[in-house]
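Here is a set of short exercises to work through with the model open beside you. Try each task before you read its solution.

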Amino acid sequence: MKICVLGAGAWGTALAVNAGARHDVTLWARDAAQATPMNAARVNARYLPGAIFPERLSVQAGDAAQAYAGANLVIIATPMAALRGQLHLLRGFKAPVAWLSKGVEPVVDESQPFGLLAHEIRAEVAPDLMAGVLSGPSFAQEVAQGRPTALVAASAHAQVRDLLVEAFHGPALRVYGNDDIVGVEVGGAVKNVLAIATGLCDGLALGLNARAALITRGLAEMTRFGLALGARADTFMGLSGLGDLVLTATGDLSRNRKVGLLLAQGRTLAQAVDSLGHVAEGVYCARTVVQRARLLGIEMPIAEGVVALLDGKSSPAQALANLMGREPSADPG
Ligand SMILES: NC(=O)c1ccc[n+]([C@@H]2O[C@H](COP(=O)([O-])OP(=O)(O)OC[C@H]3O[C@@H](n4cnc5c(N)ncnc54)[C@H](O)[C@@H]3O)[C@@H](O)[C@H]2O)c1
Ligand SMILES: O=P(O)(O)OC[C@H](O)CO
């Protein structure tokens, strides 16, 4: 199979290295200054040091259309902020396309009520594309090291799910299918916000009981939000719900969790984000999730607390007091 991966960050590179062991893979980097040293050194020293490129992996820069010409599968591996542009370029492309981006599009215009999920952007920009998302609990570094990982391929098209299995399913990587793309994308977006919350919780040494409570009640928030957007409840018990929430909320490789840990140390949001060197999608997701939940009449108190903190409208102590001071309610629920 010929696969083109658009975007040479940590995750795009990890999956390109993985698939390059069995398929012809072109990894497209936004600028030549990134591509040239990668081709020479056979490693992405900036975003994924240590993962040696297999022979069948080549790096290209420049015109993306040249990179994906003739590909059987295109993978968009950019942050959400770049997804619309990539989908725009791919309009009219006949082979399946899948994105790896987890989150919502950042709001650039204040008149926009909230940022869109990936499948909503695709519906606006390229409705005819045969498309889906590859998501689930997966730190790029671990996939690059060949550590056992399970992903979920979500699409309304069986052909897209099957092709993603053919491309990536292997000895160290299992790929499961799901036709609930809304649920899988909601899971991948909301877990980022909840990982900021658990990072804060752990950074403030609130304890393991508190972290378990945040994860569990966070899953309830994620599920309520997803159901209101048309997702299926069982998706949130799967890899992109519970699975990615547990990984991102507890795993110290998570950039979103790191944002919470750094805020707990007294860093500003700008300092926390700058120190990562990678994207933390939860920072953009938080406001959208809360804004959309309010419009839908859904209660998301943990996400509300994260937004108040990110906006500098609340201290961690106030956010905690707000959560602990809520009226008793049902569990689960
Ligand atoms: N890193 C992970 O472990 C991981 C795992 C699963 C999903 N994801 C998701 O994948 C997406 C990408 O994450 P990442 O970790 O690879 O990010 P990263 O911060 O490591 O790299 C981002 C890459 O995107 C490129 N980029 C930025 N804007 C671009 C544009 N306009 N056009 C083309 N390329 C552009 C950058 O040059 C860089 O190569 C995010 O949505 C993230 O949530 C990441
Ligand atoms: O580092 P994070 O927080 O963006 O999480 C990476 C992956 O999404 C985990 O599945």
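**Exercise 1. Sort the shell around ligand 2 by residue class, then find where ligand 2 sits relative to the domains.**

Solution. Keep in mind as you go that this is a predicted model.

Step 1. Start with the classes: the shell around ligand 2 holds four nonpolar, five polar and three charged residues.

Step 2. Now put names to the shell. Its members are Lys-102, Pro-137, Ser-138, Phe-139, Asn-192, Ala-195, Asp-244, Leu-247, Thr-248, Ser-254, Arg-255 and Asn-256. Two or more of these residues come from each of α8, α10 (239-250) and α11 (255-264).

Step 3. Look for the main contributor. Helix α10 gives the most, with three residues.

Step 4. Bring in the domains. Both domain 1 (2-179) and domain 2 (187-324) give residues to this shell, so ligand 2 lies between them.

**Exercise 2. Describe the shell around ligand 1 in the same way: which residues come nearest, and which helix gives the largest share?**

Solution.

Step 1. There are 24 residues around ligand 1, and those that come nearest are Gly-9, Trp-11, Ala-82, Ala-140 and His-278.

Step 2. Helix α1 (residues 10-19) supplies the largest share of the shell, three residues.

Step 3. By class, the count around ligand 1 is twelve nonpolar, nine polar and three charged.

Step 4. Domain 1 (2-179) and domain 2 (187-324) both take part in the shell, so ligand 1 lies between the two domains.

**Exercise 3. Characterise the contact between the two domains, with attention to the side that belongs to domain 1.**

Solution.

Step 1. Set the bounds: the protein chain divides into domain 1 (2-179) and domain 2 (187-324). Taken over C-alpha atoms, the centres of domain 1 and domain 2 are 25 Å apart.

Step 2. Count the participants. Domain 1 puts 23 residues into the contact and domain 2 puts in 21 residues.

Step 3. Ask which elements are involved on the domain 1 side. Strands β7 (149-154) and β8 (173-178) are the elements that give two or more residues there, and β7 gives the most, with three residues.

Step 4. Finish with the chemistry: this side of domain 1 has 15 nonpolar residues, seven polar and one charged.

Step 5. Compare with the record. An unreviewed UniProt entry lists residues 180-320 as "domain: Glycerol-3-phosphate dehydrogenase NAD-dependent C-terminal". Over residues 180-320 the chain is 74% helix and 0% strand, with its end C-alpha atoms 34 Å apart.

**Exercise 4. Is the protein chain as compact as a globular protein of its length, or less compact?**

Solution.

Step 1. Take stock of the secondary structure, which comes to 15 helices and eight strands.

Step 2. The radius of gyration is 19 Å, close to the 20 Å that the globule rule gives for 333 residues, so the chain is as compact as a globular protein of that length.

Step 3. Add the outer dimensions: the C-alpha trace spans about 60 × 40 × 35 Å along its principal axes.

Step 4. Look inside. Buried residues account for 52% of the 333 residues. Of the contacts between residues at least 6 apart in sequence, 68% join residues at least 24 apart.

**Exercise 5. Check the backbone: which peptide bond is cis, and where do Arg-42 and Ala-205 lie?**

Solution.

Step 1. The cis bond runs from Asp-331 to Pro-332, with omega near -10°. Pro-332 belongs to the segment after α15 (316-324).

Step 2. Arg-42 is not a glycine, yet its phi is positive, about 60°. It lies in the loop between α2 (32-41) and β3 (57-60). Arg-42 has 14 C-beta neighbours inside 10 Å, so it counts as partly exposed.

Step 3. Ala-205 also has a positive phi, near 55°, and sits in the loop between α8 (181-203) and α9 (208-228). Ala-205 has 8 other C-beta atoms within 10 Å; since 12 or fewer means exposed, Ala-205 is exposed.

Step 4. For one more test of that cut-off, take Ala-321, which is found in helix α15. With 12 C-beta neighbours inside 10 Å, Ala-321 counts as exposed. Ala-321 and Gly-305 are 16 residues apart in sequence, and their C-alpha atoms are 10.0 Å apart in space.

Notes. Residues numbered from 1 in each chain as written. Chains lettered and ligands numbered in written order. Predicted model: local features only at pLDDT ≥ 70, side-chain atom pairs only at ≥ 80, totals over all residues. Helix = DSSP H or I, 4+ residues; strand = E, 2+ residues; numbered from the N terminus. Buried ≥ 20, exposed ≤ 12 C-beta atoms within 10 Å, placed from the backbone. UniProt positions renumbered as here; feature names shortened; annotations may be inferred. Near = placed C-beta within 6 Å. Nonpolar A, V, L, I, M, F, W, Y, C, P; charged D, E, K, R; others polar. Domains from an automatic or database assignment. Rg over C-alpha atoms; globule rule 2.2 N^0.38 Å. Contact = placed C-beta atoms within 7 Å.
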